[in-house]
Amino acid sequence: MAFKKGYMIVCDGSNGAGKTTIIKAIAAHLLSRGREIVVTREPGGTPVGEKIREVLLSPDTPELCATTELLLFAAARAQHVREKIVPAIEAGKIVISDRFDAATVSFQYYARGLPLALINQLNAIALDGFRPDINIILDLDPAVGIERVNARGEALDRMEKEKLEFLQRARNGYLEQARNDPQHFMIIDASQTLEKVTSSVIEIVDKITDS
Ligand SMILES: Nc1ncnc2c1ncn2[C@@H]1O[C@H](COP(=O)(O)OP(=O)(O)OP(=O)(O)O)[C@@H](O)[C@H]1O
Ligand SMILES: [Mg+2]
């Protein structure tokens, strides 16, 4: 069998926008096309990263400083790229990640207000020259997203407990990153039906992975 080229697809956007749901649909679609896939997430994705995730998302640690938070996201990402993502892509697999580096720009810069230069530098260290092929951004009013999360019946994590204005700034951050780099970002209106969102996303995935 001919060697297949590896790719990385990131599914990102507002909390409760449907990332996890859509990733399952992308995974099923790619498997049906005979591709080998790796589904992963941030923060997390590796044993070390998942431990860092617990610290980052636990609602019991409101004292976590913004800088500590940023460094922990970067640390988890550095491990994720080296241990899991790059080896999978080199083996011809398609990696699908629930959030990635654009989330740090949206949440830590646009929403939290940390310096962009610092965030870019930490992302550059964590990524070590790597970059995803596409960021699919599921765009949704954060109030609707939080309603969806509540309806899912799970407790809100530390980020989801932030004020709506914070989540709104993060949302705008994704939109602005997409405007600045249309080649690497696609915005999908996540207020549409799941069927519509899924078919738009699958269309993008096919374009990227058939290229
Ligand atoms: N387009 C849609 N329309 C209506 N409901 C949806 C849609 N997409 C997903 N949902 C529902 O909204 C809820 C949140 O979806 P999901 O868990 O996939 O979002 P998420 O972006 O992964 O959330 P989180 O940020 O908490 O990880 C789920 O109950 C899901 O079934
Ligand atoms: Mg999710």
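Before I start, one definition: helices here are DSSP runs of at least four residues, H or I, numbered from the N terminus. Keep that in mind for the labels. And note that this is a predicted model.

Let's begin with the ligand. Which helices each supply at least two residues of the shell around ligand 1? There are three: helix H1, residues 19-32, helix H6, residues 142-152, and helix H8. In total, 14 residues surround ligand 1. The closest are Gly18, Lys19, Thr20, Thr21 and Arg148. By class, the shell has five nonpolar, six polar and three charged residues.

Now the sheet. It is open, with five strands. The order is E2-E3-E1-E4-E5, and the pairing is parallel. At the edges sit strand E2, 37-41, and strand E5, 185-189. Each of those pairs on one side only. From one strand to the next, the twist averages 20°.

Take one pair in detail. E2 joins strand E3, residues 94-98, in the parallel sense, over five bridges. One bridge to look for: valine 39 has isoleucine 96 in E3 as its partner.

Back to H8, which covers residues 194-209. Which strands does H8 lie across? They are strand E1 (7-13), E3, strand E4 (134-139) and E5. Relative to E4, H8 runs at about 170°.

Next, helix packing. Two pairs.

The first pair is helix H4, residues 101-111, with helix H7, residues 164-180. Their axes are 8 Å apart, and the angle is about 130°. So H4 is oblique to H7. The crossing is right-handed. Who makes the contact? From H4, we have Ala102, Val105, Ser106, Phe107, Tyr109, Tyr110 and Ala111. From H7, we have Phe166, Arg169, Ala170, Asn172, Gly173, Tyr174 and Gln177. Sorted by class, this contact of H4 with H7 holds nine nonpolar, four polar and one charged residues.

The second pair is helix H3, residues 66-90, with helix H5, residues 116-127. Here the axes come within 8 Å and cross at roughly 25°. Angles under 35 degrees count as roughly parallel, so H3 is roughly parallel to H5. H3 and H5 also make a right-handed crossing. On the H3 side, look for Leu70, Ala74, Arg77, Ala78 and Val81. They meet Ile119, Leu122, Ile125, Ala126 and Leu127 of H5. How do the residues of this contact divide by class? Nine are nonpolar, none is polar and one is charged.

To recap: a five-stranded open sheet with parallel pairing, H8 lying across E1, E3, E4 and E5, and a ligand 1 shell to which H1, H6 and H8 contribute. Thanks.

Note on methods:
Residues numbered from 1 in each chain as written. Chains lettered and ligands numbered in written order. Predicted model: local features only at pLDDT ≥ 70, side-chain atom pairs only at ≥ 80, totals over all residues. Axes fitted to C-alpha atoms, helices over the stretch in contact; angles between N-to-C directions. Parallel < 35°, antiparallel > 145°, perpendicular 65-115°, else oblique. Left-handed = near helix turned anticlockwise from the far one by under 90°. Contact = placed C-beta atoms within 7 Å. Nonpolar A, V, L, I, M, F, W, Y, C, P; charged D, E, K, R; others polar. Pairing = 2+ DSSP bridges. Near = placed C-beta within 6 Å.
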